[in-house]
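Take a look at the chain shown below. Keep the sequence beside the picture as you read.

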Amino acid sequence: MLRPIRTGVRALSNLASWVAMGANAVGTLIVLGLVLIVNYDVVARGLFNAPFRGAYEVVQFSMVLIVFLQLPDVVRMNRLTRSDGFLTILSTSRPRSAGTIRRTINFVSGVFMLLVAYAIWPEFVEMYETKDFFGVPGIFTAPWWPIKLAIFLSATLCMILFFIKVIMPDPAVEPVRLNEHAEENA
């Protein structure tokens with residue numbers, strides 16, 4: 001009876017992982033585009049005295065997209081900024097207790113992401129329906145709804161990933177640790 005459930009959770013986990021990696025790649029491409037825009041603005045401003053109109057708004061818009069597009073992959077790979085020194089020490093002497101605490105942290109994190117998604121959804125719907133925008137009319141404007149949608153989808157995907165970590169923790173995916181005692185000449 002548990003086998004079909006595990007198969008379904010694994011399939012959902014694989015799908016969520018692929019979507020998280022794809023969103024991370026899109027976020028990386030946006031970073032590249034942002035670098036190009038900022039460099040263009042600097043060169044155009046310095047050489048031609050013709051800055052890129054709306055550079056500030058594009059940077060502002062892009063930063064939010066980058067963070068929320070890359071967040072699910074950060075969650076997937078256990079690379080969130082946190083202090084897990086206590087759990088690392090505890091896992092050597094009491095691995096079950098450390099695992100329980102990790103699952104609890106992942107559950108609370110999943111609930112938090114659920115609340116973020118729940119809170120942002122009405123804002124997305126309102127911005128989509130009203131066609132509200134930010135920026136300076138006549139210079140540069142962009143709609144708010146893509147940002148709200150990115151936040152909603154990111155929070156939803158993070159929630160799914162956290163809950164998968166609660167149901168089926170992956171011992172192979174551990175936080176990255178540097179080997180402090182490795183020989184330099186090895």
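This report goes through the core, the cavity and a handful of residues. The model is predicted.

**The core**

Start with the nonpolar core. The largest one has 23 residues. Which of them touch the most other members? They are Phe-61, Leu-65, Val-75, Met-113, Cys-158 and Leu-161. Four elements give two or more residues to this core: helix 1 (2-48), helix 2, helix 4 (95-130) and helix 5 (145-167). The largest share comes from helix 5, with 10 residues.

Now zoom in on Leu-65, one of the residues with the most partners in the core. Set aside residues up to four places away in sequence. Leu-65 then touches Ile-30, Pro-146, Ile-147 and Ala-150.

Ala-16 sits in helix 1. Is Ala-16 buried or exposed? Its relative accessible area is 4%. The cut-off for buried is under 20%, so Ala-16 counts as buried. Beyond its neighbours within four places in sequence, Ala-16 is in contact with Leu-157, Ile-160 and Leu-161. Leu-161 also appears among the core residues with the most partners.

**The cavity**

Next, look for empty space. Rolling a probe the size of a water molecule over the atoms shows where such space is left. How many cavities of 30 Å³ or more does a search of the whole structure find? It finds 1. The volume of the largest cavity is about 30 Å³.

Which residues line the largest cavity? The lining is made by Val-75, Asn-78, Leu-80, Arg-82, Asn-106, Phe-162 and Lys-165. By class, this lining holds 3 nonpolar, 2 polar and 2 charged residues. Val-75 is a name to remember here. It lines the cavity, and it is also listed among the core residues that touch the most other members.

**A charged pair in helix 2**

Helix 2 covers residues 55-76, and Arg-76 is found in it. Asp-73 is found in helix 2 as well. What does the side chain of Arg-76 make with the side chain of Asp-73? It makes a polar contact, at 2.6 Å.

Both partners fall under the 20% cut-off for buried. Arg-76 has a relative accessible area of 19%, so it is buried. Asp-73 has a relative accessible area of 10%, so it is buried too. Asp-73 also has partners farther along the chain. Leaving out neighbours within four places in sequence, Asp-73 is in contact with Ala-20, Met-21 and Asn-24.

**Two loop residues with positive phi**

Two residues have a positive phi although neither is a glycine. For Asn-49 the angle is about 50°. Asn-49 is found in the loop between helix 1 and helix 2. For Lys-131 the angle is about 55°. Lys-131 has its place in the loop between helix 4 and strand 1 (133-136).

Are these two buried or exposed? The cut-off for exposed is over 50%. Asn-49 has a relative accessible area of 67%, so it is exposed. Lys-131 has 52% relative accessibility, so it counts as exposed as well.

**Toward the outside**

Leu-47 lies in helix 1. At 65% relative accessibility, Leu-47 counts as exposed.

Trp-145 lies in helix 5. Its relative accessible area is 27%, so Trp-145 is partly exposed. What does Trp-145 touch, not counting residues up to four places away in sequence? Its partners are Phe-124, Met-127 and Tyr-128.

**Distance along the chain and in space**

How far apart are residues in sequence, and how far in space? The table sets out three pairs, with distances taken from C-alpha to C-alpha.

| Pair | Apart in sequence | Apart in space |
|---|---|---|
| Leu-47 and Leu-34 | 13 residues | 20 Å |
| Trp-145 and Gly-54 | 91 residues | 18 Å |
| Ala-16 and Gln-70 | 54 residues | 13 Å |

Read the table row by row. Leu-47 and Leu-34 are 13 residues apart along the chain, and 20 Å separates their C-alpha atoms. Trp-145 and Gly-54 are 91 residues apart along the chain, with 18 Å between their C-alpha atoms. For Ala-16 and Gln-70, 54 residues apart in sequence, the separation in space is 13 Å.

Conventions. Residues numbered from 1 in each chain as written. Predicted model: local features only at pLDDT ≥ 70, side-chain atom pairs only at ≥ 80, totals over all residues. Heavy atoms only, no water. 1 Å grid on protein atoms, 1.4 Å probe; cavity = no way out; pocket = protein on both sides within 12 Å on 5 of 7 lines; lining within 4 Å. Points joined across faces, edges and corners; volume = space filled by probe spheres on them. Nonpolar A, V, L, I, M, F, W, Y, C, P; charged D, E, K, R; others polar. Buried < 20%, exposed > 50% of the residue type's maximum accessible area, 1.4 Å probe, protein only. Polar contact = N/O pair within 3.5 Å; in protein donor to acceptor, adjacent residues only side chain to side chain. Core = buried A, V, L, I, M, F, W, Y, C linked by side-chain atoms within 4.5 Å. Contact = heavy atoms within 4.5 Å.
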